[in-house]
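Thank you all for coming; I would like to walk slowly through one structure with you this morning. Please have the display in view while I speak.

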Amino acid sequence: MHNLKITFGLSSPVILSRYTTIDSIILARYFNRLRNQGKIGNNFIKTEDYFDEISKFIFIKNNTISGSIWYVPKDASISPYNAMFVKTKDLNHMQKFTGNIQKDDGSGEYKLYRFGIEALDVKEIYFYIHGDKNIIEDLLKGIKAIGKKNSAGFGLVEKITIEEMDVDKSFIINGEASRPLPCEYWNLESDRIMFYRPYPPYYEKTGKVPCYMPPTSLTEYEPIENSRNYISLKDINYIYPTEFAYNSVKEVMPKPDYPAMTENRVCAACGKVHDKGVKLKDAFKHSSNNDYAFLSKGDFVCEYCDWSIKSDTQNYLGYLLITEKYHKHIQGKNMEGENDKEKQKTRAELLSNLDELTPPFYIGIKSSKNQQHVVFKSTVSISNALVPFQYGNDTYIIDVELFNRAIEELKRLINETGISKIFWINREIIDGPVFQLPAKDDTQKNRKLLNDFYLKYDRSIRVFLNRAVITEEEKKKKKSKKVKKA
Ligand SMILES: [Zn+2]
């Protein structure tokens, strides 16, 4: 076994979750090979059951498979690249649960909708792993693309290089996790903790436990001065978001009594084994929802998840901060505040002080005014250093230490350069490469400043910086709008 650094040379922008690890890419290839050889079937594979086999070519330490998340070289030149997609529905999944296939693309669960994803335009990314060089090289051979939307030309791999290294960075870098590490088996001086699956497939809803998570900067983490005190819950059992939400808001939004099922079932929405609930097709009416892509296999929905998607409830749950002791609206008509400007200020203050919240807590806001179910797709936060923020259908993970620094840095950079906020945060409103800086600002120095900002602050941080930093420009705009109305 060797300490390895694996570098992917890319010829097109790549779409990767911040926490994608190299072991998941290698193991997907490995299980695919076993399947092609007829050694395993098409059923779901519990990676844990294959530890003996896997440990022959990937080092396993403290019940954790070696393999870091991806990093971008410190001196890399990078740029966000906005990609627009049209979301189509999973017809097989739908037919299974609704029993019918409509050819109508215009309504109900067949409605198509456009959504934006930020891809990263960068020449190379790299990972660390401790394992057998020859076997890993062989498994990676022939990879044409990595990440999402390969069929649309994203993440095309030009070249893979594997180097031997002196130090093992596949679990820890500078005292922080470089991959998800289950707190049960590891002891780090870090509060970057969230519920996560420690083994692939990482998208599965079951088996989530408190894990130390890597800092989210795109380059390898370098400790930064930080005087804040964070709180994290390292040995807590998984908290189901809909049940958590219910316990906090039940006085205002009570739930009816649900019939007990004859046997315990797994909820397709939250993954909890439960004895009370309804049939999936009674919960998710196929004429009015877009959520099939977010459900697991099964035909049962638990009482809490069903409650959370009922029309009244989901309206109430749409823009909430929920803690064990209180809940409050942070957007929308139920939010306290005299006017939009005041609400905007309150929201910016909340976001600038996420580390003052006491875990466990939940934050979720809808991204559209339509019926949108945010709670069952979310993750309850068990640390105020790493905050999953449910925004519409996506869970953004805010690295609070980096976020707090980014707020100060963005204010300073806007003042010093005069470059508008939109260039720093990149809102995904334009298809294609991020738009050009105005000619007067397009200097080597400014390009470097933007590049360094993108290297430090991933998309999650930049998305919420938009709400955390209110610029003078925006304040003026609000004023002039009011004058016009009057
Ligand atoms: Zn459920």
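Let me begin with a question: which strands does helix 13 lie across? Helix 13, residues 459-468, lies across strand 19 (386-391) and strand 20, and runs at about 90° to strand 20. Before going on, I should say that this is a predicted model, in which local features need pLDDT of at least 70, side-chain atom pairs count only at pLDDT 80 or more, and totals for chains, interfaces and linings use all residues. Residues are numbered from 1 along each chain as its sequence is written. Helices (H or I, at least four residues) and strands (E, at least two) are DSSP runs, numbered from the N terminus.

The two strands just named belong to an open sheet of five, in the order 17-16-18-19-20, with mixed pairing; two strands pair if DSSP finds at least two bridges between them. Strand 17 (327-329) and strand 20 (394-399) stand at the edges with a single partner strand each, so one side of each has no neighbour in the sheet. From one strand to the next, the twist averages 20°. Strand 16 (residues 319-323) and strand 18 (residues 361-365) run antiparallel and are joined by five bridges, and within strand 18 it is glycine 364 that is the bridge partner of leucine 320.

Helix 13 also meets helix 9 (residues 340-352), their axes coming within 8 Å and crossing at roughly 135°; axes here are lines fitted to C-alpha atoms, for helices over the stretch in contact, and angles run from 0 to 180 degrees between N-to-C directions. That makes helix 9 oblique to helix 13, since angles under 35 degrees count as roughly parallel, over 145 as roughly antiparallel, 65 to 115 as roughly perpendicular and the rest as oblique. On the helix 9 side the contact (C-beta atoms, placed from the backbone, within 7 Å) is made by Arg347, Ala348, Leu351 and Ser352, and on the helix 13 side by Phe464, Arg467 and Ala468.

How many residues of helix 5 (residues 241-249) are buried? Eight of its nine are, where buried means that 20 or more other C-beta atoms lie within 10 Å of a residue's own, against 12 or fewer for exposed and in between for partly exposed. Among what covers these buried residues are helix 7 (303-309), helix 8 (311-316) and strands 16, 17 and 18.

Terms used: Two residues are in contact if their C-beta atoms, placed from the backbone, lie within 7 Å.
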